[in-house]
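Trainee: Could we go through the annotated binding sites in this one together? I'd like to see how the annotation and the coordinates fit.

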Amino acid sequence: MGKFQVLDHPLIQHKLTMIRESKCGTKVFREVVNEIAMLMAYEVSRDMPLEDVEIETPLVKTVQKQLSGKKVAIVPILRAGLGMVDGMLEMIPAAKVGHIGLYRDHESLEPVEYFVKLPSDIQERQMFVVDPMLATGGSAIMAIDALKRRGATTIKFVCLVAAPEGVQALQDAHPDVDIYVAALDEKLDENGYIVPGLGDAGDRLFGTK
C-alpha cells in the first residue's frame with residue numbers, strides 16, 4: 001500500500017486556514033495556494049535519491065551530494081491544479097510539466113477527460129499529480145489511469161484538502177500511489193463538496209463562478 005501522509009507543518013496549517021476563509025480574495029488565495037504547494041514540495045521530495053559529486057569549494061576539493069536518479073514531472077489536473085504548479089517549480093525548477101484536463105459532470109458527478117499532454121519520457125520520471133482537492137477521488141483516479149496507460153510507473157498525488165471518501169477511493173483504485181495532503185477534512189456533503197473544505201478551488205483561484 002502506498003504511503004498516506006498529512007503534512008501538518010505549522011506554516012502549512014496556518015496558510016490553509018487563510019484560504020479556507022470565505023473572505024479571502026482571488027489574489028491572496030492564488031498566492032497562498034502557491035506558497036502551500038512550495039512547502040509541500042519540500043516534504044514530498046524528501047525521499048528523492050542523492051548521489052555523490054566532486055566539487056571544488058574556495059578552499060578544497062570535496063565530495064558532496066546532489067539529486068540523482070529519476071527526473072521529475074509535475075502534472076496538474078486542469079484547471080485548479082494549475083494553482084499548485086509554480087510553487088512546486090520554485091523548489092524543483094528542472095521538472096517538466098504535463099497537463100491532464102478533466103471536468104466533473106454535474107449530473108453524474110463523474111469526471112470526463114478532455115485533454116492530456118505529457119513529457120515523452122514519463123516512464124523515467126517521478127510524477128507528481130497535483131490538484132487542490134481530493135473529494136470523491138474520481139478525477140484523481142482518472143488522471144492516474146491516464147498516466148499509467150501512457151507508461152508512468154512512479155506516481156505521487158499531492159493535494160491541499162482531502163475527504164476520507166476520496167482518500168479511500170484513490171487507495172482502492174491505485175494502492176501503489178503515495179498520497180500527500182495538507183489536511184484530511186471531515187466528509188463529503190450531498191453535493192460532493194468537501195466539508196469544511198474551502199469551496200470550489202478553481203473558481204477561487206481564477207475568479208470565476
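Mentor: Sure, and one cut-off to start: buried means under 20% relative accessible area, exposed means over 50%, and partly exposed is in between. Keep in mind that this is a predicted model.

Trainee: Is Ala201 buried or exposed?

Mentor: Ala201 sits in helix H6, residues 201–206. Its relative accessible area is 4%, and the limit for that class is under 20%. So Ala201 is buried.

Trainee: Which residues of the set with Ile194 and Ala201 does the lining of the largest pocket take in?

Mentor: An unreviewed UniProt entry places a "binding site" at Ile194, Gly199, Asp200 and Ala201. Checking that set against the lining of the largest pocket, you find Ile194, Gly199, Asp200 and Ala201.

Trainee: And where is Asp200, buried or exposed or partly exposed?

Mentor: Asp200 lies in the loop between S13 and H6. Its relative accessibility is 29%, and the in-between class runs from 20% to 50%. That makes Asp200 partly exposed.

Trainee: Which backbone nitrogen does the side chain of Asp200 reach?

Mentor: Setting aside neighbours within four places in sequence, Asp200 is in contact with Arg79 and Tyr193. Its side chain also comes to 2.9 Å from a backbone nitrogen, that of Asp203.

Trainee: Ala135 is in the other UniProt list; what is its relative accessible area?

Mentor: Ala135 is in the loop between strand S9 and helix H4. Beyond four places in sequence, Ala135 touches residues including Ala163, Leu188 and Ile194. Ala135 counts as buried, with a relative accessible area of 17%.

How values were computed. Residues numbered from 1 in each chain as written. Predicted model: local features only at pLDDT ≥ 70, side-chain atom pairs only at ≥ 80, totals over all residues. Heavy atoms only, no water. UniProt positions renumbered as here; feature names shortened; annotations may be inferred. 1 Å grid on protein atoms, 1.4 Å probe; cavity = no way out; pocket = protein on both sides within 12 Å on 5 of 7 lines; lining within 4 Å. Helix = DSSP H or I, 4+ residues; strand = E, 2+ residues; numbered from the N terminus. Buried < 20%, exposed > 50% of the residue type's maximum accessible area, 1.4 Å probe, protein only. Contact = heavy atoms within 4.5 Å. Polar contact = N/O pair within 3.5 Å; in protein donor to acceptor, adjacent residues only side chain to side chain.
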